[in-house]
Amino acid sequence: MSGRALAPPGRRLCEVTENRESRGYRIFSALDSSGPTPAPGQFYMLAAARGWGVERGRPYLPRAFSVAMADGVQGGIRLDFLVEPLGPGTERLARLEPGEGLWVTGPLGVPFTRPEELASGGPGAILVGGGIGIAPLAILRRTLSARGVPSRVLLGFRDRTRSGGLELFDCSEVRLASEDGHVGHQGMVTDLLSVLLHGDDASGGAVYACGPPGMLEAVRQLCVRHGVVAELAMEAPMACGFGACFGCAIPLAEGGFMRLCVDGPVVRADQIASALVPGSGH
Ligand SMILES: Cc1cc2nc3c(=O)[nH]c(=O)nc-3n(C[C@H](O)[C@H](O)[C@H](O)COP(=O)(O)OP(=O)(O)OC[C@H]3O[C@@H](n4cnc5c(N)ncnc54)[C@H](O)[C@@H]3O)c2cc1C
Ligand code: FES
């Protein structure tokens, strides 16, 4: 959104300041006393200082996390992350306690592009998030609001037990969808996007999406059909996060590959042939 922030070399130790429950997810915060302010869409490689690594086996490598919010506070920048406990890394991060150490490398990767640089102008931005993928859209939404760019937010969840993170959105104009119908429209968040693109002149604006691969692919196809420019924040298994291991390579529409950690994780929808990348999403 603003320019890409460059990570200082090496990892640095931050202090965890908070960890709270949020309807099946956790939101944890850390004080980064020396890193730059991240741009929306960028991510960090995270590892707990205790209970991580060789002496305990997995988790061994750090885990990639989108920054959900960043606030200047006394002593540095408060970074918020939204986590869904799935495996050893995310489960350990979900159990971080205030006062613990957190190793961070970042901010890494390519952030979201400003709507006016992506599209021809017009109604602004449409943000589409699914599940844990709502995280980078929270900081994007706030950055857009601060710049006076109008944005509409569509968020979808599978069910009530995994539907957290809404408190990161400092706005009331959020339209919700849930597959079990516990809140908002019963169905997919892409149903809401489809209605919006059919009903509006959205072609002058830009769509920003993050969520599971099936959702991202549906967003990509809808935007292609309606001639709307879109950026997708994607995931792939990441071992290093800075271009060294090639573990995060995904195919490009025109042939060849990109490393999602350095050329993404935000990609233009027309750069890729499909968002259904093997090994991505969860
Ligand atoms: C750029 C980026 C940003 C991310 N942001 C967040 C976030 O904000 N919040 C959050 O909870 N998670 C996020 N993830 C996903 C997170 O990094 C993985 O869920 C995590 O690495 C899994 O580690 P684990 O040890 O808990 O589970 P593992 O045992 O390693 O994996 C558990 C399951 O998740 C799948 N998985 C593993 N790594 C990834 C991955 N990188 N992407 C997708 N699926 C994976 C595995 O196939 C397996 O099914 C992000 C990933 C990327 C690449
Ligand atoms: S995660 Fe190692 S090259 Fe991308």
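**Two sheets, their helices and a ligand**

In this predicted model, helix H4 (residues 189–199) lies across a whole run of strands: E8, E9 (151–157), E10 (174–178), E11 and E12. Its direction makes about 150° with that of E9. Helix H5 (residues 213–226) packs on the sheet too, where it touches E8, E12 and strand E13 (229–233). Measuring direction against E12 gives about 165° for H5.

So what is the order of the strands in this open sheet of seven? Reading across, it goes E11-E10-E9-E8-E12-E13-E16, and the pairing is mixed. Strand E11 (185–186) and strand E16 (266–268) sit at the edges; each has a single partner strand, so one side of each is left without a neighbour in the sheet. Further in, strand E8 (residues 125–130) runs parallel to strand E12 (residues 206–210), and five bridges link the pair. One of the residues involved is Ile-126, whose bridge partner in E12 is Val-207.

There is another open sheet of seven strands, and here the pairing is antiparallel. Its order is E4-E3-E7-E1-E2-E6-E5. The edge places go to E4 and strand E5 (69–73), each with a single partner strand, so one side of each has no neighbour in the sheet. Going from strand to neighbouring strand, the turn is 35° on average, with direction ignored. E4 pairs with strand E3 (residues 43–48) in the antiparallel sense, over four bridges. Within that pairing, Phe-43 has Ser-66 in E4 as its bridge partner. Helix H3 (residues 135–146) packs on this sheet, touching E4, E5 and E6, and its direction is at about 55° to that of E5.

Now for ligand 1. Ser-66 turns up again here: a polar backbone atom of Ser-66 is 3.0 Å from a nitrogen atom of the ligand. Two glycines also come into play through polar backbone atoms: Gly-87 is 3.2 Å from an oxygen atom of ligand 1, while for Gly-89 the distance to a ligand oxygen is 2.7 Å. On its own, ligand 1 would expose 850 Å², and the protein buries 81% of that.

Which elements give two or more residues to the shell around ligand 1? They are strand E4 (63–66), strand E6 (76–83) and helix H1 (88–94). E4 gives the most, with four residues. In total, 23 residues surround the ligand, and the closest are Arg-63, Ala-64, Leu-82, Gly-89 and Thr-90. Sorted by class, the shell has 13 nonpolar, six polar and four charged residues.

Methods
Residues are numbered from 1 along each chain as its sequence is written. Chains are lettered from A and ligands numbered from 1 in the order in which they are written. This is a predicted model: local features need pLDDT of at least 70, side-chain atom pairs count only at pLDDT 80 or more; totals for chains, interfaces and linings use all residues. Side-chain values use heavy atoms; hydrogens and water are left out. Two strands pair if DSSP finds at least two bridges between them. Contact means heavy atoms within 4.5 Å. Axes are lines fitted to C-alpha atoms, for helices over the stretch in contact, and angles run from 0 to 180 degrees between N-to-C directions. A residue is near a molecule or strand if one of its heavy atoms lies within 4 Å of it. A polar contact is a pair of N or O atoms within 3.5 Å; within protein, one must be able to donate a hydrogen and the other to accept it, and residues adjacent in sequence count only if both atoms are side-chain atoms. Accessible areas come from the Shrake-Rupley method with a 1.4 Å probe; for residues, only the protein chains shown count as cover. Ala, Val, Leu, Ile, Met, Phe, Trp, Tyr, Cys and Pro count as nonpolar, Asp, Glu, Lys and Arg as charged, and the others, Gly among them, as polar.
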